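Grab a pencil and work through these exercises at your own pace. Try each task before you read its solution.

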Amino acid sequence: MAGTRKFPAFLLLTFVLTTYFSVTALAKSPRPITDEEIKEKKDVCYADIESGLWGWKCKWSVIEKENCALRCLSPVCYDLIYGSDPLEEGEKDYIRSQEFKYCMHKLSLGESLQGVKGSFDY
């Protein structure tokens, strides 16, 4: 009876470890994410927003949709770059846009995000 309890635990442990290493391998790529890949992922986010998966607030205005799309692309980068000061109606913030892409590039390589915010200030 004791042996039957260890076998399922072993399977669970194997599953957890396999999943962990698979996700880790996907998170750390040998190359940074490209601008084209970011655009493709953002298009998927826009489709999800339009379908209602992100709630009515994300469809309320163009700028809310953009904030939601950025959050969908990378919650970590969104919080770092826009979290304390989301985009506002009519705002075009090219510096933060570049920082966001830089953040996504660093994340795709599994690198530290230290120094990302403020890296494009002139």
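**Exercise 1. Which residues are buried in α5?**

Before the solution, two ground rules. This is a predicted model, so local features need pLDDT of at least 70 and side-chain atom pairs count only at pLDDT 80 or more, while totals for chains, interfaces and linings use all residues. Residues are numbered from 1 along each chain as its sequence is written, and side-chain values use heavy atoms, with hydrogens and water left out.

Step 1: get the vocabulary straight. Buried means under 20% relative accessible area, exposed means over 50%, and partly exposed is in between (1.4 Å probe, protein chains only). Helices (H or I, at least four residues) and strands (E, at least two) are DSSP runs, numbered from the N terminus.

Step 2: go along the helix. The buried residues in α5 are R96, E99, F100, C103, M104, H105, K106 and S108.

Step 3: look for a rhythm. An α-helix has 3.6 residues a turn, so residues three or four places apart point the same way. In α5, buried residues include R96, E99, F100, C103 and M104.

**Exercise 2. Check the length of α5 and look at what happens at its two ends.**

Step 1: the rule is that the expected span of a helix is 1.5 Å times one less than its number of residues. With 15 residues, α5 should span 21 Å, and its end C-alpha atoms are indeed 21 Å apart.

Step 2: at the start of α5, a side-chain oxygen of D93 comes within 3.4 Å of the backbone nitrogen of I95.

Step 3: just after α5, look for G110, which takes a positive phi of about 75 degrees.

**Exercise 3. Find the aromatic pair that Y82 forms with F100, and describe it.**

Step 1: you need a cut-off. Rings of Phe, Tyr and Trp (its six-membered ring) pair if their centres lie within 6.5 Å; planes under 30 degrees apart count as stacked, over 60 as edge-to-face and the rest as tilted.

Step 2: the structure has two aromatic pairs. One of them joins Y82 and F100, at 6.0 Å centre to centre with 50 degrees between the planes, which makes the pair tilted. The partners come from distant parts of the chain: Y82 is in the loop between α4 (75-81) and α5 (94-108), F100 is in helix α5, and 18 residues separate them.

Step 3: ask how covered they are. Y82 has a relative accessible area of 2%, so Y82 is buried. F100 is at 3%, so F100 is buried too.

Step 4: widen the view. Y78 joins Y82 and F100 in one aromatic cluster. The charged end of R71 sits over the ring of Y78, 4.9 Å from its centre (the rule asks for NZ of Lys or CZ of Arg within 6 Å of the ring centre and within 35 degrees of the ring normal).

Step 5: list the company F100 keeps. Contact means heavy atoms within 4.5 Å. Not counting residues up to four places away in sequence, F100 touches L70, L73, S74, C77, Y78, I81 and Y82. F100 and C77 are 23 residues apart along the chain, yet their C-alpha atoms are separated by 6.1 Å.

**Exercise 4. What does E66 contact, leaving aside its neighbours within four places in sequence?**

Step 1: place E66. You'll find E66 in helix α3 (residues 62-73).

Step 2: check its cover. The relative accessible area of E66 is 18%, so E66 counts as buried.

Step 3: name the contacts, which are K42, Y46 and L87. K42 belongs to helix α2 (residues 35-50), and at 19% relative accessibility K42 is buried as well.

Step 4: look for polar atoms. A polar contact is a pair of N or O atoms within 3.5 Å; within protein, one must be able to donate a hydrogen and the other to accept it, and residues adjacent in sequence count only if both atoms are side-chain atoms. The side chains of E66 and Y46 make one, at 2.4 Å.

Step 5: zoom out. The buried residues of α3 pack against α2, α4 and α5.

**Exercise 5. Which side chain makes a polar contact with the side chain of S61?**

Step 1: S61 lies in the loop between α2 and α3.

Step 2: its partner is the side chain of E89, at 2.9 Å. The C-alpha atoms of S61 and E89 are separated by 8.5 Å, with their places 28 residues apart along the chain.
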